[in-house]
Structures are given as C-alpha cells and as structure tokens.
Amino acid sequence: MRTISLVIVTAAVAWSAWLATSAEDRGAKDQGAAKPQAAGESRGGKADASSAADRAAPTDDAAKEIVSGKVVRLAEALKARGIKSYAEEIKEQVVLVTEQGELVPIVPDWRGRAFYQDERLRDRPVDLVVNRRRGIPWVQVLSIYTFDDEGVRSITDYWCDICSIPMYEIKECECCQGPIRLRLRPQDLPKDIHRHGSSEPEPPETNANETRKAEK
Ligand SMILES: [Zn+2]
C-alpha cells in the first residue's frame, strides 16, 4: 500500500513537473514568436535614437586652451559695450573679457563656479586653462591663474590648512567643515597647451613670470 502511494505521488510529481516544463516551453515559444518583432522594433528605435544622439552630441571635441583677460559680471560687460539688458535674468552670469575684447561665458561647474561665488577672482587679470568646444561659446575652466601685485603668476584654488586638502569652490572644508582660504602658488602656465587663436604652445619667453615682472 505504501509502495503504491509512493508510486502515485512520484507519478504526480513527474506529471506536474512535465506540465510546468511544457508550459514554460509554450511561454518561451510565445515570447520567442513575439520577440523578433519587438527586437526589430527596439533595434530600429535604438538605431534612430543613437543616430539622433550622434547628431546632437558628437564625440567630445573639447580642446584645451589658454585664455586671458578679466572675469566680470555679464551685465557689466554688456553695459560697457552699450548693450542694454534686464539685470534680473543675467545677474549671476559671469564672462571672461579677453585681452582682445571677446566675451567668453564661463560654465558654472566644479571649477568655473568659483568665479560666480568669489568676487576676489573677478575684475583682475587671469590666465585660464579651459576646455573649449566648436560652436559652444561657453568654456569650462580647468585651472585658474591670477597675478599678485608684483605681477607673479600663481595657480589659484582654495585650501584647508587643518586638513591640507585643496578645493575648487567656496564652501566649508569637505573634511573638517572648517573655513578654507584662497590659495595662490607661484606657477607658470603649462607648456603644452596653446593659447586661444594660436596653434602653437606658448613660447616660454612670453608666458614666463619674468615677462610680467619686467613690464612692471
Ligand atoms: Zn579641513
């Protein structure tokens, strides 16, 4: 009796397992039948989307450049050129006014933001290493160089004296939450980056700190 019931149970388990398996097969087949169309659609969709993305955002053509001038509020720069504007919409915007008088807007990102936050960086001569892209007037600041009263060029960032870590915008120290200070360290421009409008890297004699000293 015990053996018979065991056989029945085993048979029942096997049968239900077969049922489940064949149901899965059918499901898989159904899905399989539906899949090619869906895959075709999504492939087509993807191709369209990616080619649209390619058109909208081609491979990043950012080129490093050195640009020089003074960073000022956009409103000021426009006013100086006789362009009237409403203050409200552009009150936070800053631009680099280059030595050639070109206005170059600055992206307020992790590095450029300092110019929006810190008036000590504005309205004074600066050299900026930036990422510039074709067709985009905004530049992304990578390094900021300022000049002291002696005309000595210094790379400029923020520093926590307690934790000895650099930061790139005004905020409490990321580590100790204490105050940070503006840090200037005398340094020449990188030799391998060309100046805007020139295809050659800066000749050493024109970017040395000595030149500015001599001009004074
Ligand atoms: Zn700190």
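**View 1. Contacts of Ile-106 in the predicted model**. Neighbours within four places in sequence are left aside here. Beyond them, Ile-106 is in contact with Val-71, Val-94, Val-95 and Leu-96. Gly-112 and Phe-115 are also among the contacts of Ile-106. Trp-138, Val-139 and Val-141 complete the list.

**View 2. The largest nonpolar core, with Ile-106 and Leu-128**. This core has 21 residues. Ile-106 and Leu-128 have the most contacts inside it. At least two core residues come from each of six elements, given here with their ranges:
- strands E1 (63-73), E2 (94-98), E4 (125-133) and E5 (136-147);
- helices H2 (74-80) and H4 (113-117).

In soluble globular proteins, nonpolar side chains tend to be buried together.

**View 3. The hairpin of E5 and E6**. Strand E6 covers residues 153-160 and pairs with E5 in the antiparallel sense. Three bridges hold the pairing. Phe-147 has Arg-153 of E6 as its bridge partner. Five residues lie between the two strands. Gly-151 in this hairpin takes a positive phi near 85 degrees.

**View 4. The hairpin of E6 and E7**. Strand E7 spans residues 165-167 and runs antiparallel to E6. Three bridges join the two. One bridge partner pair is Trp-159 with Pro-166 of E7. Four residues lie between the strands. Ser-164, in the turn, has a positive phi of about 55 degrees.

**View 5. E6 paired with E8**. Strand E8 covers residues 181-186. E6 and E8 pair in the antiparallel sense over six bridges. Ile-155 has its bridge partner in E8, at Arg-185.

Notes
Residues numbered from 1 in each chain as written. Predicted model: local features only at pLDDT ≥ 70, side-chain atom pairs only at ≥ 80, totals over all residues. Core = buried A, V, L, I, M, F, W, Y, C linked by C-beta atoms within 7 Å. Buried ≥ 20, exposed ≤ 12 C-beta atoms within 10 Å, placed from the backbone. Contact = placed C-beta atoms within 7 Å. Pairing = 2+ DSSP bridges.
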